[in-house]
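Biologist: I should be grateful for a close look at the sheet in this model. Please describe how the strands are arranged, what lies across them and how the aromatic side chains are placed.

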Amino acid sequence: MKKLIAFLFFFSVLFGLHAKTPFSWKKSTWDIGNMYEYRVTGEGKKGIDLFVYVKDDHKVSYFADQSEFAKQVFIYEDTYDMETGFVIESHGENPLSYAKENFLNIESHLQSIEGSKKIRMWGSAWVFGKEKSMDVELDLPAVPWTETSSFLSELWFMMRNLVPETTSFDISVTNNGKASLSKVQFEGTENLNGIECDKWSVTGKKENHTLWFDKNDSSYRLYKYSSLGTGGYVKSPSVSFINRMELTISEWEDFCKNKTEQIRQKLKLPENK
């Protein structure tokens with residue numbers, strides 16, 4: 001239960017905006033208006049349907065259908081700093097109002113402190129009427145950083161802006177309120193289902209992740225991710241690309257609204273207020 005509670009907290013981030021990173025922002029790699037569909041699986045038969053929408057050249061929105069595990073949908077948005085590649089603003093919610101009142105409610109906040117090499121995990125969750133809070137600041141052993149419960153999704157989009165010829169760099173990986181040093185390493189190319197991919201590993205004392213990016217895609221899309229750890233509800237998660245389609249912002253908002261309603265009906269919850 002403790003691991004579940006830790007996953008439910010949303011993250012706030014504090015860091016130095018001028019920290020040196022191995023990235024150089026390239027607007028051309030951001031395929032604005034594209035929605036990616038992924039399926040997250042792991043040990044057991046349950047999984048998560050994850051939809052990722054490139055809202056503009058520095059914002060990414062997510063819709064995570066976690067209803068196979070709980071009365072839980074999570075919609076959140078990351079805003080990236082175009083100089084460093086860091087996520088500088090994050091906010092999210094469970095739009096199922098009945099579930100928020102009777103199972104889970106999340107409040108999330110963010111602050112940024114100029115010149116600080118820290119991240120702050122700051123949030124509150126109400127689980128079955130009881131409040132659980134966390135407010136910790138972590139010193140980062142390296143910049144940038146990424147989070148295990150989101151399947152390293154921060155890194156998915158940072159890699160679009162990697163400085164050419166870079167084959168390795170250090171990164172901080174956060175997990176359950178702790179930050180550890182890991183190394184991102186290029187491992188060569190590999191063909192997956194006819195897709196020529198660049199293979200990257202993220203390894204550390206407690207981390208073992210692999211990411212495959214479509215090397216011929218102009219946006220360097222993530223094609224597959226796997227981990228030997230735990231990503232929120234999912235143990236040993238594997239994230240697989242399913243589909244990509246173009247949507248306007250209003251179509252994305254309608255998509256999230258309609259998916260939420262479908263899930264509410266599937267879970268047989270009262271109508272949203």
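Modeller: The account below follows the sheet, then the helix across it, and then selected side chains.

This is a predicted model, in which local features need pLDDT of at least 70 and side-chain atom pairs count only at pLDDT 80 or more, while totals for chains, interfaces and linings use all residues. Residues are numbered from 1 along each chain as its sequence is written, and side-chain values use heavy atoms, with hydrogens and water left out.

The sheet is open and has 12 strands, in the order β5-β4-β3-β2-β1-β17-β14-β13-β12-β11-β10-β9, with mixed pairing. Its edge strands are β5 (87-93) and β9 (145-147), each of which pairs on one side only. From one strand to the next, the twist averages 25°. Strands here are DSSP runs of E with at least two residues, helices are runs of H or I with at least four residues, and both are numbered from the N terminus. Two strands are taken to pair if DSSP finds at least two bridges between them. In general, strands of a sheet pair through backbone hydrogen bonds, either parallel or antiparallel.

Within that order, strand β1 (residues 34-41) and strand β17 (residues 238-246) run antiparallel and are joined by 8 bridges. Across this pairing, Tyr38 stands opposite Phe241 in β17. Strand β1 also holds Asn34, which is buried at a relative accessible area of 10%. Buried means under 20% relative accessible area, exposed means over 50%, and partly exposed is in between, with a 1.4 Å probe and protein chains only. Leaving aside residues up to four places away in sequence, Asn34 touches Val52, Tyr53, Val54, Arg244, Met245 and Glu246, where contact means heavy atoms within 4.5 Å.

Strand β13 (residues 208-214) has 6 of its 7 residues buried, so this strand is largely enclosed by the rest of the structure. On one pairing, 7 bridges join β13 to strand β12 (residues 195-204), and the two run antiparallel. Here Thr203 stands opposite Asn208 in β13, and the two strands form a hairpin with 3 residues between them. Strand β13 also pairs with strand β14 (residues 222-227) in the antiparallel sense, over 5 bridges. In that pairing, His209 has Ser227 in β14 as its bridge partner.

At the edge strand β5 one finds His91, which is partly exposed with a relative accessible area of 38%. His91 and Ile75 are 16 residues apart in sequence, and their C-alpha atoms are 8.5 Å apart in space.

Helix α4 (residues 249-267) lies across β1, β2 (47-56), β3 (59-65), β4 (73-80) and β17, and runs at about 15° to β3. For such angles, axes are lines fitted to C-alpha atoms, for helices over the stretch in contact, and the angles run from 0 to 180 degrees between N-to-C directions.

The aromatic side chains come next. The whole structure holds 21 aromatic pairs. Rings of Phe, Tyr and Trp (its six-membered ring) pair if their centres lie within 6.5 Å; planes under 30 degrees apart count as stacked, over 60 as edge-to-face and the rest as tilted. One of the pairs is Phe51 with Phe255, edge-to-face at 4.9 Å centre to centre and 70° between the planes. This pair links distant parts of the chain, with Phe51 in strand β2 and Phe255 in helix α4, 204 residues apart. Both Phe51 and Phe255 are buried. The ring centres of Tyr53 and Trp252 are 5.0 Å apart and their planes lie at 10°, so the pair is stacked. Since Tyr53 is in strand β2 and Trp252 in helix α4, the pair ties together parts that are 199 residues apart in sequence. Tyr53 counts as buried at 2% relative accessibility, as does Trp252 at 5%.

Elsewhere, ring pairs link Tyr36, Tyr38, Trp156, Tyr223 and Phe241 into a cluster. Over the ring of Phe241 sits the charged end of Arg221, 4.2 Å from the ring centre. Lys224 lies over the face of Trp212, at 5.5 Å from the ring centre. A charge sits over a ring if NZ of Lys or CZ of Arg is within 6 Å of the ring centre and within 35 degrees of the ring normal.
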